[in-house]
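Thanks for coming. I have one structure to go through today, and I will start in the middle and work outwards.

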Amino acid sequence: MSGNGRRITGAPGIRSPRPEARVDLVFFPLRDMRDLLDLSVADQPALADCLALMRRVATEQKLGTWKIVSNGPGYQEVSYLHFHLMSD
């Protein structure tokens, strides 16, 4: 469940194939989005689900310090919007 009581419909999380921290998990919304500048109002629920899942994982793994990173065009190694939840 997300913080507002909605059921999380999906936002897969995987271990980064090229970790840059002790914990480096990659999450991507279950909707085709290329980058933050490509978002529309219709994308908000999928993006909220993804953020809620990252929050849940950070809480369950008891990450004391963490950050969320998302690269834009020119810095992405893959051409879809995704987020790294990272912790040392």
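Strand 4 is mostly covered: five of its five residues count as buried. This is a predicted model, so bear that in mind throughout. Which residues of strand 4 sit on which side? Phe83, Leu85 and Ser87 are on one side, with His84 and Met86 on the other, and both faces are covered. In general, side chains in a regular strand alternate between the two faces of the sheet.

Now the partners. Strand 4 pairs with strand 2 in the antiparallel sense, over five bridges. Within that pairing, Phe27 stands opposite Phe83. Strand 4 also runs antiparallel to strand 3, and three bridges join the two. There, Leu85 of strand 4 has Ile68 opposite.

Next, the sheet as a whole. What is the order of the strands? The order is 1-2-4-3, in an open sheet of four strands with antiparallel pairing. Strand 1, residues 13-15, and strand 3 stand at the edges; each has a single partner strand, so one side of each has no neighbour in the sheet. Neighbouring strands are turned by 30° against each other on average, ignoring direction. Helix 1, residues 44-60, packs on this sheet and touches strand 2, strand 3 and strand 4. The direction of helix 1 makes about 15° with that of strand 4.

If you prefer to follow the chain along the sequence, the pattern reads β-β-α-β-β. That is one helix and four strands. The chain has 88 residues, of which 38% count as buried. Taking contacts between residues at least 6 apart in sequence, 55% join residues at least 24 apart. The accessible surface comes to about 5,900 Å², and carbon and sulfur atoms account for 53% of that.

Back to strand 3, and to Ile68 in particular. Ile68 belongs to strand 3, which covers residues 67-69. Is Ile68 buried, exposed or partly exposed? Its relative accessibility is 36%, so Ile68 counts as partly exposed. On the surface, Ile68 joins Leu51 and Trp66 in a nonpolar patch, and the three together have about 290 Å² of accessible area.

The last residue I want to show is His82. His82 is in the loop between strand 3 and strand 4. Why does His82 count as buried? Because its relative accessible area is 8%, and the cut-off for buried is under 20%. What does His82 touch, leaving aside neighbours within four places in sequence? The contacts are Val26, Phe27, Phe28, Val69, Ser70 and Gln76. Phe27 has come up already, as the residue opposite Phe83 in strand 4. One distance to add: His82 and Leu36 are 46 residues apart in sequence, and their C-alpha atoms are 9.6 Å apart in space.

To recap, strand 4 has both faces covered, and strand 3 stands at an edge of the sheet. His82, in the loop between those two strands, is buried. That is what I have.

How values were computed
Residues numbered from 1 in each chain as written. Predicted model: local features only at pLDDT ≥ 70, side-chain atom pairs only at ≥ 80, totals over all residues. Heavy atoms only, no water. Patch = residues over 30% accessible without salt bridge, like charges linked within 9 Å, V, L, I, M, F, W, Y side chains within 5 Å. Areas by Shrake-Rupley, 256 points an atom, 1.4 Å probe, with all protein chains shown as cover. Salt bridge = Lys/Arg side-chain N within 4 Å of Asp/Glu carboxyl O. Buried < 20%, exposed > 50% of the residue type's maximum accessible area, 1.4 Å probe, protein only. Pairing = 2+ DSSP bridges. Axes fitted to C-alpha atoms, helices over the stretch in contact; angles between N-to-C directions. Contact = heavy atoms within 4.5 Å.
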